[in-house]
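Grab a coffee and work through these exercises with the model open beside you. Try each task before you read its solution.

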Amino acid sequence: MSGWLPKSPKARRRLYLIAAIAPVLALAAGLTLWGLSDSISFFYTPAQAAAAKPPPGRSVQLGGLVQPGSVVKHPDGRVEFVVADQQATATVHFSGDLPDLFREGQGIVATGSFRKDGEFEARQVLAKHDERYMPREVSKALKEQGEWRGEGSPPPSYQTDAAQP
């Protein structure tokens, strides 16, 4: 017997049990995290996405306000629009039916990925429910940027440095 093992047979048995279970639990935790890594989707505003530069093809959520006058609907069902915050804008491409509540000047969250050209390809677009509801991620990001418009505040101007000539 080695000198570092406990002398008690009961304690030794517990140590062997822990030594057998710990690698199995570590492997299970590792496989779980590896399996979930593809389904984790980070939320970005256009300014945060410009700063973080998520890699092309990685699934993310992009949230902000639909810039007025930016919605272009094509006859084949494709839709392009610009999501803006006070600091940056991001062009979003989407194919499919937009939610009934989608309109310019409203908060949306688009799930998809950035393309190599830096534009966003959305798989899903979620719009707000009513006049007072804003997705939690969008309202939190807008509050952090000082753009939050509470009740009675005028709408933001949507003018960014990128949009100005």
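**Exercise 1. Find the salt-bridge partner of Asp-76, and say how exposed each of the two residues is.**

Solution.
- Keep in mind that you're looking at a predicted model.
- Step 1: look for a nitrogen by the carboxylate. The side chain of Asp-76 meets that of Arg-78, with N to O at 2.9 Å.
- Step 2: test the distance. A salt bridge needs the nitrogen within 4 Å of a carboxyl oxygen, and 2.9 Å passes.
- Step 3: check the surroundings. Asp-76 counts as exposed because its relative accessibility is 55%, and the cut-off is over 50%. Arg-78 has a relative accessible area of 35%, so it goes down as partly exposed.
- As for the chemistry, opposite charges on side chains can pair when the charged atoms come close.

**Exercise 2. Work out which residues are joined with Arg-115 in one salt-bridge network.**

Solution.
- Step 1: start with the total. The whole structure has five salt bridges.
- Step 2: take Arg-115 and Glu-119. Their closest N and O atoms are 3.1 Å apart, which makes a salt bridge.
- Step 3: now try Glu-121. Arg-115 forms a salt bridge with this residue too, at 3.0 Å between the closest N and O atoms.
- Step 4: put the pieces together. Through shared partners, Arg-115, Asp-117, Glu-119 and Glu-121 end up in one network.
- Step 5: see how open these residues are. Arg-115 is partly exposed at 29%, Glu-119 is partly exposed at 24%, and Glu-121 is partly exposed at 29%.

**Exercise 3. Decide whether Ser-113 is buried or exposed, and list what it touches beyond its sequence neighbours.**

Solution.
- Step 1: place the residue. Ser-113 sits in strand β6, residues 107-114.
- Step 2: read the accessibility. Ser-113 is buried because its relative accessibility is 16%, and the cut-off is under 20%.
- Step 3: list the contacts. Leaving out residues up to four places away in sequence, Ser-113 touches Gly-57, Arg-58, Ser-59, Glu-119, Phe-120 and Glu-121.
- Step 4: link back to Exercise 2. Glu-119 and Glu-121, both touched by Ser-113, also belong to the Arg-115 network.

**Exercise 4. Name the strands that pair with β2, and give the direction of each pairing.**

Solution.
- Step 1: begin with β1 (residues 42-44). It runs parallel to β2, and three bridges join them; Phe-42 stands opposite Val-60.
- Step 2: follow the connection. β1, helix α2 (residues 46-52) and β2 form a right-handed β-α-β unit.
- Step 3: move on to β6. This pairing with β2 is antiparallel, with seven bridges, and Val-60 faces Gly-112 in it.
- Step 4: add β4 (residues 78-84). It pairs with β2 in the antiparallel sense over two bridges; here Val-66 partners Val-83.
- Step 5: ask how enclosed β2 is. Seven of its eight residues (59-66) are buried, so the rest of the structure largely encloses this strand.

**Exercise 5. Show which residues of helix α3 are buried and which are exposed on its other side.**

Solution.
- Step 1: pick out the buried residues of α3 (residues 136-145). They are Val-138, Ser-139, Ala-141 and Leu-142.
- Step 2: look down the axis. The buried residues of α3 fall within an arc of 165°, so they line one face.
- Step 3: recall the helix geometry. With 3.6 residues a turn, residues three or four places apart point the same way.
- Step 4: flip to the other side of α3. Arg-136, Lys-140, Lys-143 and Glu-144 are exposed there.
- Step 5: find the cover. What lies over the buried residues includes β1, β2 and β6.
- Step 6: step off the end. Gly-146 follows α3, and its phi is positive, near 80°.

**Exercise 6. Identify the element that gives the largest share of the largest nonpolar core.**

Solution.
- Step 1: size up the core. It has 20 residues, and Phe-81, Phe-102, Ile-108, Phe-120 and Val-125 have the most contacts inside it.
- Step 2: sort by element. β2, β4, β5, β6 and β7 each give two or more residues.
- Step 3: pick the winner. β7 gives the largest share, four residues.
- Step 4: zoom in on Val-125. Its contacts beyond four places in sequence include Phe-81, Phe-94, Leu-98 and Phe-102.
- Step 5: don't miss the second, separate core. It has seven residues, among them Leu-65, Met-134, Val-138 and Leu-142.

Technical notes. Residues are numbered from 1 along each chain as its sequence is written. This is a predicted model: local features need pLDDT of at least 70, side-chain atom pairs count only at pLDDT 80 or more; totals for chains, interfaces and linings use all residues. Side-chain values use heavy atoms; hydrogens and water are left out. Buried means under 20% relative accessible area, exposed over 50%, partly exposed in between (1.4 Å probe, protein chains only). Contact means heavy atoms within 4.5 Å. Two strands pair if DSSP finds at least two bridges between them. A crossover is right-handed if, with the strands pointing away from the viewer, the path from the first strand over the helix to the second runs clockwise. The arc is that of the directions from the helix axis to the C-beta atoms. A nonpolar core is a set of buried Ala, Val, Leu, Ile, Met, Phe, Trp, Tyr and Cys residues joined through side-chain atoms within 4.5 Å.
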